[in-house]
Amino acid sequence: MFSVKAAEAIVFNLVQPLDRQRDTEVVDLLAAHSRILASPVSSQLDFPHWDNSAMDGYAVRYTDVQQASQEQPVSLEIVEEIPAGYQPQSTIQQGQAARIFTGAVMPTGADTVVMQERTRREDNRVLILAAPTKPQEFVRHRACYYKTGTQLLPAGVRLYGPEIAVLAAAQCTQVRVYRRLRVAIFSTGDELVTPDKPLQAGQIVDSNQYALAALVKQIGAEPLMLGIVPDKPNALEEAIAHTISNADVVLSSGGVSVGDYDYVERIIESLGGEIHIQAVAMKPGKPLTVATFANQVIYFGLPGNPVSALVTFWRFVQPTIKKLSGLAEGWQPKFVKARTRQELQSDGKRETYFWGQLHLTDGVYEFQVAGGSQNSGNLVNIAQTNALAVLLVGQTLISQGEQIQVLLV
């Protein structure tokens, strides 16, 4: 049985991101949200595209107004008005100014903008009532944000609103992204039924498949739901053989413990899989199988208990999918320090996870453990979970108000 840290190292070292040449596609910009950029992007445009005004005011020559004051204002002739989107027609000469608006192109000859609050207009002249603090004040120079031909966005970033805005501004109407990862999901067990079926004595509704599919979608991959597979070797072998031929990652839940009907591991080996992990010293989530196949498919045999399945997904599968999908940074599990609002206890024999909610109170993270029993079969109180508090091996008690390590999920 591996420690959590050892298991994490094994799993993450198995992951090789999708191939930049083979596993990509070009999509329209409007379809690129939440996708992962596969190639660096550069632009043939400078940002800003031209020198422009950062304020509503007057474009002037600094030498004309550097001595201006309330007591001795400088009077300038207004020779042009320049709104945004207009190409200036005049060259500003000594003693002249142009009325200019935010974002408008600076006219030739002017090198500074005086904000309108420091001026007073009188017909076709403007009085400058205060000198600029420096030359070129309130002027945004061409290429001061970005110079054409340099890297605008690196490969491996997920495209959200800000990145989409940058690409649109750069006139990148199509982008190359990694294809969506295919994640096959099935549940094992003769006792399982789908949510739409009447429940008979001894049966259990299969919630794992729905939860895992939702989590897979949430991180940008494509779930392939195979349903419930009975605890029969032939059916399991057929299902696993199908998944490893059609998916990048396989998630099964149940069938990886030590019961008489747990066949998954022997079937994996019979299909040529190499098993790297069979158990992890964590609670919940001890019966975890991780295997790989020659075609680079990664197989996770998750525990059947619903909370155990979710905890092992958050701890190992979620970062695996993120890294495999091509995400260059930020795929690793993210931990923060938080103050616990309740006392937390463990026997200290395994790394123990408590589910609940993380709150930010007066700039300090606080962890609120979910009410009710912290039992791997109790799915009800895991709703609204956004964090897992962690007691390390050897830690048996964390008192209320003490600091604890918390995994963001």
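**Exercise 1. Determine where Asp123 lies and whether Asp123 is buried or exposed.**

Solution. In this predicted model, Asp123 belongs to the loop between strand S8 (119-122) and strand S9 (125-128). Its phi is near 55°, a positive value in a residue other than glycine. For comparison with the general case, most residues other than glycine have a negative phi. The cut-off for exposed is over 50% relative accessible area. Asp123 has 70% relative accessibility and therefore counts as exposed.

**Exercise 2. Carry out the analysis for Gln171: state which loop holds Gln171 and whether Gln171 is buried or exposed.**

Solution. The loop between helix H3 (161-169) and strand S12 (174-178) contains Gln171. Phi of Gln171 is near 60°, again positive in a residue other than glycine. With 60% relative accessibility, Gln171 counts as exposed.

**Exercise 3. Locate Pro48 and Pro284 and describe the peptide bonds that precede them.**

Solution. Phe47 and Pro48 are joined by a cis peptide bond with omega of about -10°. Pro48 sits in the loop between strand S2 (41-42) and strand S3 (52-53). The bond from Lys283 to Pro284 is also cis, and omega is near -5°. Pro284 occupies the loop between strand S19 (282-283) and strand S20 (289-292).

**Exercise 4. Characterise the lining of the largest pocket.**

Solution. The largest pocket holds about 710 Å³ of space. Its lining comprises 41 residues, of which Gly304, Asn305, Pro306, Ser308 and Ser376 are the closest to the centre. By class, 13 are nonpolar, 20 polar and eight charged. Strand S24 supplies the largest share, four residues.

Definitions and conventions:
Residues are numbered from 1 along each chain as its sequence is written. This is a predicted model: local features need pLDDT of at least 70, side-chain atom pairs count only at pLDDT 80 or more; totals for chains, interfaces and linings use all residues. Side-chain values use heavy atoms; hydrogens and water are left out. On a 1 Å grid over the protein atoms alone, a cavity is a set of points where a 1.4 Å probe fits but cannot get out, and a pocket is an open set with protein on both sides within 12 Å along at least five of seven lines; lining residues have an atom within 4 Å of a point. Grid points are joined across faces, edges and corners, and a volume is the space filled by probe spheres set on the points. Helices (H or I, at least four residues) and strands (E, at least two) are DSSP runs, numbered from the N terminus. Ala, Val, Leu, Ile, Met, Phe, Trp, Tyr, Cys and Pro count as nonpolar, Asp, Glu, Lys and Arg as charged, and the others, Gly among them, as polar. Buried means under 20% relative accessible area, exposed over 50%, partly exposed in between (1.4 Å probe, protein chains only).
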